[in-house]
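Subject: Structure handover

Hello,

Here is the structure for you to look through. Please open it first, then read my notes below.

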Amino acid sequence: MTGAAVGGGPRRIAVIGGGPGGLYAAALLKRLDPAREVTVWERNAPTDTFGFGVVLSDETLGGIRDADPVVYEALRAELVRWDDIDVVHRRHRTTSTGHGFAALGRRRLLELLHARCADLGVRLRFRTEAPPAAELAATHDLVVAADGVHSRTREDRADHFRPRITTHRCRYIWLAADLAFEAFRFEIAETEHGVMQLHAYPFSADSSTAIVEMREEVWRAAGFDELDEAESAARCAKIFAEALGGRELRSNNSSWTAFRTVVNERWSYGNTVLIGDAAHTAHFSIGSGTKLAVEDALALATALGAAEHGTLAEALAAYEAARRPVVESTQRAAAASLRWFEEIADHVDRPPRRFAFDLLTRSRRVTHANLRLRDPAFTATVEDDFGCPPGTPPMFTPFRLRGLTLRNRIVVSPMDMYVSEDGVPGDFHLVHLGARALGGAGLVMTEMVCVSPEGRITPACAGLWTDEQADVWARIAAFVHTRAPGTAIGVQLGHSGRKGSTRRMWEGIDQPLPEGNWPLVAASPLPYRPGANQTPHALDRAGLTAVREEFVSAARRALRCDFDLLELHAGHGYLLSGFLSPLTNHRTDAYGGDVEGRLRFPLEVFDALREVWPDDRPMTVRISATDWAEGGTSTEDALAVARAFAAHGADALDVSTGQVVPDERPEYGRSYQTPYADRIRNAVGVPVIAVGAISSWDDVNSLLLAGRADLCALARPHLYDPHWTLHAAAEQGYEGDAAPWPAPYRAGRRPPPTGRTA
């Protein structure tokens, strides 16, 4: 039926699941065409429900108002509204206002939707298990599968929907308290067993939802795995007795569970479509489950009612096209929030206001800039705690590494340009790096400068193995120091390892050269891509010594060039990274095995560089804190690597991820690598440079204030705008010494008038 003309839409519709999403979809579809036959199958009784309160955003309520004013008015009469978030941490309550929430009881929501469906003539079949979706699809024009996170519909056609389900590391239980909190309350309990957290919010004049969550190992250590429902509720009430004012917590078919993130490659099959938790889930800490399901129903009804969608298949494709980007964005935010709570033990030692700011910005949807709009008083206290002088954004505060004081927190990230000849940089590099130095960044980094011809990624990579190369680098460094005084310039030294002898990025990234390939070396004889890239030679003792001395020679030349900072590249699958990752280091000698063995050669190189690099000049190390691949660098490995380099004298860790193996599966998204920098900074106590899809000055300020980073490295934004830092200052109204405009550019320090403002 999927290729048939819609002609007013499907006539017979089956809805599997009587939760909010399924009921609202049924009501909307019936309202759009009263002649339709719409049936909802719900295996539970109408009074059965799980959980307590439901949070809806103003955006969602606006969509409901436009689609069905009757439902909107019924909801509006029931909603509890509030603006504040309370964060209770070590007996200190921090309140942030201006957030805007609306909630009601889940049972009351279902009652309203039951009534609306009945008024419209939707058939509600309670206490009735729905027939399999395949059977319904044969007798109905459309099957809407709203059968939840454990969807039978999805599992029966898993070969088509292609679900990926991830079970996470915390256990939680959904409870309620007979009091109405005045705010959305996050309370942290540091117990003898570990950290536990309460997520609580009001949903009526006298009741609140109370979700208790903790890591699996904390849950077991506390003995919750041996308690029944009533005992668990009583124990949670005792732990959070102060927040509850001594009141009990009540349950409702409540059980401890681990959150499951559901992602589907496809949302429809034939005339069957998934909505709500059957299609996708988002962690409750951003309050989006019911919201997403209701918005799915709205989008599905809109697509089915649109005249331009001539067939059901087109309408279902339009529904998915409209919803998928929104859902994926929400899931990225939810994943960031979920991980924050999973790793909450790494955050609790922060001062109360910084901890609260960190919690509020955990999903990266709430940022420093919009917190300043919502609650300027709270944000001002956080800025003051950070040390921001009046009128100075966090990114324009100085930072010291040994004898080098950076005037602001912005780093132009190393970016390979692939335009050198025989390793010699040219005028392009002078203009490229010089422009970004003039653009106001505190530190400008070179691309990865290779320590030998064999250590290049491509024939067009820059090097520092000859005096001729050093002479050009010295000219570039001198330009930065004389024409952009106050800007530091750093050099990143590296060796390509098994990822060398390839074409330039735009000619075929990681593809071997059509001719003129050179032999490669690595920790182990493993090609980057079997059958495509050549197999490298495993370095023996003589080879290890030779490579180490190549790094030392390059460092000596870098010093003669007068670079302010030296960074050792031990990430992204290049030579030293190849020693660190268990996926690429299969050695059985002293340079392989456990993380201590895998660290041995990178540390030997670092120590040799530190010996020739002056004590007053800082050294940093770039690492890949995860390989994004099974069996790769673990959290414990990354922390061990960071601790080792810090103990050997690294002044900061430049924390990147991945690019170690070709079959990696990165979780891309806004600032997606910064949680790794955060973990290393706060677990190891070493300064970190955060990198990875940081694109706005608002992101930078948020990361700094939350204590997730000390410096922020931006790459592509500086390709788009060499004067990114100066423009960030202008947009924030900052005119201080941390972002000075070069004298010839001062006339352009304000945006030019456009249009009718001229």
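Start with one definition: a residue is buried under 20% relative accessible area, exposed over 50%, and partly exposed in between, with a 1.4 Å probe and protein chains only. This is a predicted model, where local features need pLDDT of at least 70, side-chain atom pairs count only at pLDDT 80 or more, and totals for chains, interfaces and linings use all residues. Residues are numbered from 1 along each chain as its sequence is written, and side-chain values use heavy atoms, with hydrogens and water left out.

**The whole chain**

The protein chain has 26 helices and 29 strands. Helices (H or I, at least four residues) and strands (E, at least two) are DSSP runs, numbered from the N terminus. Along the principal axes, the C-alpha trace spans about 85 × 70 × 55 Å.

The radius of gyration is taken over C-alpha atoms, and the globule rule is 2.2 Å times the number of residues to the power 0.38. For 758 residues, a compact globule would have a value near 27 Å; the protein chain has 29 Å, which agrees.

Of the 758 residues, 59% count as buried. Contact means heavy atoms within 4.5 Å. Take the contacts between residues at least 6 apart in sequence: 73% of them join residues at least 24 apart.

The accessible surface is about 30,100 Å², and 50% of it belongs to carbon and sulfur atoms. Those areas come from the Shrake-Rupley method with a 1.4 Å probe; for residues, only the protein chains shown count as cover.

Now the charges. Lys and Arg count as positive, Asp and Glu as negative; His and the chain ends are not counted. Each charge is placed at NZ of Lys, CZ of Arg, CG of Asp or CD of Glu. There are 83 positive and 98 negative side chains, and the centres of the two sets lie 3 Å apart.

**Cysteines**

A disulfide is a covalent bond between the sulfur atoms of two cysteines. The cut-off here is a pair of cysteine sulfur atoms within 2.5 Å. How many disulfides does the rule give? The count is zero. Why does Cys388 have no bond to Cys712? The sulfur of Cys712 is the closest cysteine sulfur to that of Cys388, but it is 13 Å away, too far for a bond. Cys450 is in no disulfide either; the nearest cysteine sulfur, in Cys461, is 4.6 Å away. Cys388 is buried at 10% relative accessible area. Cys450 is buried at 0%.

**Two helices**

Look at helix α2, residues 58-67. Its buried residues are Thr60, Leu61, Gly62, Ile64 and Ala67. Their cover includes α1 (20-32), β3 (53-56), α3 (69-76), β4 (80-82), β7 (101-105) and α11 (289-305).

Next, go to helix α23, residues 674-684. Thr674, Tyr676, Ala677, Asp678, Arg679, Ile680 and Arg681 are buried there. The buried residues of α23 pack against α13 (352-360), β26 (619-624), α22 (635-647), β27 (652-656), β28 (688-691) and α24 (697-705).

**Loops around these elements**

Gly685 comes just after α23 and has a positive phi of about 80°. Gly685 sits in the loop between α23 and β28. Is Gly685 buried or exposed? Gly685 counts as exposed, because its relative accessibility is 63%. From Gly685 to Glu73 is 53 Å, C-alpha to C-alpha, with their positions 612 residues apart in sequence.

Two residues other than glycine also have positive phi:

- Trp628 has phi near 55°. Trp628 lies in the loop between β26 and α22, and is buried at 10% relative accessibility.
- Ala693 has phi of about 60°. Ala693 lies in the loop between β28 and α24, and is partly exposed at 41%.

Pro614 is in the loop between α21 (595-612) and β26. Pro614 is partly exposed, at 22% relative accessible area.

**One strand residue**

Finally, find Gln197 in strand β12, residues 194-204. Gln197 is buried, with a relative accessible area of 1%. Which residues does Gln197 touch, leaving out those up to four places away in sequence? They are Glu187, Ile188, Ile211, Val212, Glu213, Phe240, Phe341 and Ile344.

Best wishes
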